[in-house]
Amino acid sequence: MAPLSILIVGSGIAGPTLASFLLLSPLPPHELPHITILERSPGPRVQGQNVDIRGAGMAVIRKLGLEAAVRAATTGEEGVQFVDERNRVWAAFAADKSGRVQTGTSDVEILRGPLAKILWRRNMALSEEVEREGGVGVEYVFDEYLGSLEQDGGKCHVRFGKSGKRRSFDIVVGADGLQSRTRRQAFGDADENVRGDDGGKERVKRLGMYGAFFSMPKGETDTMWKRWFTAPRRRVIMVRPHQDKDKSTVFMWVVNEQDPRFRFVATQGVDAQKALLAEYFVDAGWESGRIIEEMAMADDFYYDMVAQVHMDKWSEERVVLLGDAGYCASPISGMGTTLALVGAYNLAGALIQHPDDIPAAFAAYETSMRHVVSKAQNLPLGPRQPYLISPETAYGVWKMRTAFAFVYWTGLAKVMFMLKGPPANAVPVEDYGFKQAAEWCE
Ligand SMILES: Cc1cc2nc3c(=O)[nH]c(=O)nc-3n(C[C@H](O)[C@H](O)[C@H](O)COP(=O)(O)OP(=O)(O)OC[C@H]3O[C@@H](n4cnc5c(N)ncnc54)[C@H](O)[C@@H]3O)c2cc1C
């Protein structure tokens with residue numbers, strides 16, 4: 001049987017990870033799948049700020065021989081401190097460095113950019129190795145996007161949006177993130193964003209929260225702790241350590257479903273996004289003046305709505321969704337990157353176990369991921385979590401700080417994290433017989 005031809009749309013976290021495991025399958029090099037990765041940005045998309053790798057996600061990193069490379073690139077974040085307008089700490093929850101209890105801070109905190117770069121370079125190195133041994137390896141197509149996608153039972157026929165080129169593949173994997181075009185092409189647009197409109201299923205479930213990530217020069221008050229400041233009118237700023245010790249990172253958000261501009265600016269470019277956030281945070285207090293000034297100058301600013309993707313199934317004939325495209329859990333779950341890594345591992349494993357039966361492979365992938373995805377999407381404080389952690393009034397902010405201080409001073413935090421922490425230690429990482437990649441470090 002000819003090797004499978006696979007198109008992976010998106011070279012973020014999940015895409016290159018899937019390609020690497022497909023190349024680590026125990027097949028001889030000339031029988032390995034022919035993989036094409038399509039990425040709309042001109043090179044690997046290496047932007048983004050702090051993400052967590054937890055439990056099973058780290059097991060996947062080890063299988064790729066990347067533990068040393070990833071640990072060398074972490075930010076060293078110590079934990080989270082809840083601060084007030086005068087920067088007084090009301091409560092502090094440290095990272096559990098053993099990785100046994102999943103607190104708000106993972107034992108492996110890393111910036112998305114370096115992680116994406118490590119995964120991409122690992123994949124390139126494996127691809128070169130396969131080519132040297134007589135296989136085909138991975139073809140990266142940058143600065144190009146999925147234009148259209150049709151299926152005829154046996155094959156997927158795609159048209160690249162920029163060049164207009166037409167190509168056919170046995171399988172298409174949508175690893176193109178929260179706003180996945182592959183998802184809309186394969187599953188239709190009807191259920192995409194329907195809340196309140198026609199009572200449909202609401203595939204992309206908005207959490208009412210709009211956030212931005214960027215980095216800035218490290219200030220005098222910045223430490224190795226994440227400082228979390230909440231202002232009334234549901235505004236939050238987090239300042240966190242960066243991998244580069246001269247910098248800090250910012251994640252700021254507003255929970256607001258009344259002002260339509262938050263949705264509108266998502267398509268309007270960075271200047272409109274920065275202007276709207278500056279308008280909202282100008283009177284937030286604490287270090288908001290500095291944050292707004294730095295935001296204006298940031299060249300790595302990234303804005304998006306915070307949402308989850310809920311789907312009854314992740315495949316449609318020969319198209320399958322992976323990572324945020326199929327089951328985004330949102331940045332507040334702390335599980336997005338771990339789900340992308342484990343999902344890629346399990347999808348590659350399922351394809352190895354069922355090489356001649358694509359529907360069976362996709363079903364096995366679903367079975368391996370369904371449980372952990374629904375646990376990760378079930379936010380500890382429920383679907384209203386964004387509202388509960390971002391109070392409307394000054395009294396609400398005081399009550400929240402008091403509750404955190406109570407949990408901190410009574411030592412209840414550990415019990416709560418054990419009961420309600422991100423479910424990354426509950427994910428089994430099955431052995432599919434992949435070759436262990438050699439340890440790799442830049
Ligand atoms: C630029 C960027 C910055 C981010 N910053 C943060 C952050 O600071 N903190 C955080 O918690 N999460 C962040 N995220 C989200 C985080 O990366 C994901 O939640 C998680 O890691 C899952 O990864 P993924 O591979 O499924 O999706 P992603 O990492 O989102 O990768 C999707 C990839 O698909 C590409 N793509 C999208 N559409 C197309 C198309 N039509 N054709 C071809 N390629 C396409 C994108 O350019 C991207 O490279 C960011 C995502 C991006 C894209």
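**Exercise 1. State the strand order and pairing of the open sheet of three strands, then find its edges.**

Step 1. The order in this open sheet is β8-β9-β10, and the pairing is antiparallel. Strands here are DSSP runs of E with at least two residues, helices are runs of H or I with at least four, and both are numbered from the N terminus. Two strands pair if DSSP finds at least two bridges between them.

Step 2. β8 (146-151) and β10 (166-169) each have a single partner strand, so one side of each is left without a neighbour in the sheet.

Step 3. Neighbouring strands are turned by 25 degrees against each other on average, direction ignored. The axes are lines fitted to C-alpha atoms, for helices over the stretch in contact, and angles run from 0 to 180 degrees between N-to-C directions.

Step 4. Five bridges pair β8 with β9 (residues 156-160) in the antiparallel sense. Ser-148 has Arg-159 in β9 as its bridge partner.

A note on the model: it is predicted, local features need pLDDT of at least 70, side-chain atom pairs count only at pLDDT 80 or more, and totals for chains, interfaces and linings use all residues. Residues are numbered from 1 along each chain as its sequence is written, and side-chain values use heavy atoms, with hydrogens and water left out.

**Exercise 2. Describe the open sheet of seven strands.**

Step 1. Read the order as β5-β4-β13-β14-β15-β12-β16, with mixed pairing.

Step 2. β5 and β16 (302-309) are the edge strands; each pairs on one side only.

Step 3. On average, neighbouring strands are turned by 20 degrees against each other, direction ignored.

Step 4. β4 and β13 (residues 226-231) run parallel and are joined by four bridges. Phe-82 has Trp-228 in β13 as its bridge partner.

**Exercise 3. Count the salt bridges and place the one between Arg-401 and Glu-85.**

Step 1. A salt bridge is a side-chain nitrogen of Lys or Arg within 4 Å of a carboxyl oxygen of Asp or Glu. The count comes to 21.

Step 2. In the Arg-401 to Glu-85 pair, the closest N and O atoms are 3.4 Å apart.

Step 3. Arg-401 lies in α13 (residues 394-410) and Glu-85 in the loop between β4 (79-83) and β5 (89-94), so the pair ties together parts that are 316 residues apart in sequence.

**Exercise 4. Characterise the shell around the ligand.**

Step 1. The ligand is surrounded by 31 residues, each with a heavy atom within 4 Å of it. The closest are Ala-14, Glu-39, Gln-49, Arg-112 and Asp-324.

Step 2. Sort the shell: twelve residues are nonpolar, eleven polar and eight charged.

Step 3. β2 (34-39), β3 (50-53) and α10 (336-353) each supply at least two shell residues. The largest share, three residues, comes from α10.

Step 4. Take the distances to ligand oxygen atoms. A backbone N or O atom of Ala-14 lies at 2.8 Å. A side-chain N or O atom of Glu-39 is 2.6 Å away. For a polar side-chain atom of Arg-112, the distance is 2.7 Å.

Key. A polar contact is a pair of N or O atoms within 3.5 Å; within protein, one must be able to donate a hydrogen and the other to accept it, and residues adjacent in sequence count only if both atoms are side-chain atoms. Ala, Val, Leu, Ile, Met, Phe, Trp, Tyr, Cys and Pro count as nonpolar, Asp, Glu, Lys and Arg as charged, and the others, Gly among them, as polar.
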